[in-house]
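Got your viewer open? Load the model shown here and follow along, one selection at a time.

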Amino acid sequence: MRYLTTAEVAERYRTAESTVRYWRHLQKGPRGIKVGKRVLYPEAELLRYERALIDGGEDWGLAS
């Protein structure tokens, strides 16, 4: 399984790292796991999150 850093997730979604951290604080966005002091995001979780956005299962995400 591949894990992405906060910086890689920010690049993937074309946003700032601080935005990804804010999403995590709000418990929105893809779920990360803490490994030591780092937060990593399983690629499968990013795909799950994207699918939920497309299906309308998340509160916010894709623009209409």
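Start by selecting Val39. Leaving out residues up to four places away in sequence, Val39 touches Leu4, Thr5, Thr6, Arg24, Gly32, Ile33 and Lys34. Keep in mind as you click around that this is a predicted model.

Now colour the core. Val39 is one of the 8 residues in the largest nonpolar core, together with Leu4, Val9, Ala10, Val20, Trp23, Tyr41 and Leu46. Three elements, α1, α2 and β3 (38-42), each give two or more residues to this core. As a general point, nonpolar side chains in soluble globular proteins tend to be buried together.

Next, pick Thr6, one of the residues that Val39 touches. Thr6 sits in helix α1. Buried or exposed? Thr6 counts as buried, because its relative accessibility is 12% and the cut-off for buried is under 20%. Show its contacts, again skipping neighbours within four places in sequence: Thr6 meets Glu17, Val20, Arg21, Arg24, Val39 and Tyr41.

Go back to the contacts of Val39 and select Ile33, another of them. Ile33 belongs to strand β2 (residues 33-35), and at 36% relative accessibility it is partly exposed. Add Met1, Tyr3 and Val35 to the selection: with Ile33 they make a nonpolar surface patch of about 410 Å².

Time for the rings. How many aromatic pairs are there? The count is 2. One of them joins Tyr13 and Tyr49, edge-to-face, with 6.2 Å from centre to centre and 75° between the planes. This pair links distant parts of the chain, 36 residues apart: Tyr13 is in the loop between α1 (6-12) and α2 (17-26), while Tyr49 is in helix α3 (residues 43-55). Switch on a surface and compare the partners: Tyr13 is partly exposed at 21%, whereas Tyr49 is buried at 3%. Then add Trp23, since ring pairs link Tyr13, Trp23 and Tyr49 into a cluster. Trp23 also takes you back to the core, where it is one of the members.

Last stop: two backbone angles. Most residues other than glycine have a negative phi. Select Arg14, in the loop between α1 and α2, where phi is positive, near 55°. Arg14 is exposed, with 79% relative accessibility. Then jump to Gln27, in the loop between α2 and β2. Gln27 is not a glycine either, yet its phi is positive at about 60°, and with a relative accessible area of 74% it is exposed.

How values were computed
Residues are numbered from 1 along each chain as its sequence is written. This is a predicted model: local features need pLDDT of at least 70, side-chain atom pairs count only at pLDDT 80 or more; totals for chains, interfaces and linings use all residues. Side-chain values use heavy atoms; hydrogens and water are left out. Patches are made of residues with over 30% relative accessible area and no salt bridge: like charges are joined within 9 Å, nonpolar side chains (Val, Leu, Ile, Met, Phe, Trp, Tyr) within 5 Å. Accessible areas come from the Shrake-Rupley method with a 1.4 Å probe; for residues, only the protein chains shown count as cover. A salt bridge is a side-chain nitrogen of Lys or Arg within 4 Å of a carboxyl oxygen of Asp or Glu. Helices (H or I, at least four residues) and strands (E, at least two) are DSSP runs, numbered from the N terminus. Buried means under 20% relative accessible area, exposed over 50%, partly exposed in between (1.4 Å probe, protein chains only). Rings of Phe, Tyr and Trp (its six-membered ring) pair if their centres lie within 6.5 Å; planes under 30 degrees apart count as stacked, over 60 as edge-to-face and the rest as tilted. A nonpolar core is a set of buried Ala, Val, Leu, Ile, Met, Phe, Trp, Tyr and Cys residues joined through side-chain atoms within 4.5 Å. Contact means heavy atoms within 4.5 Å.
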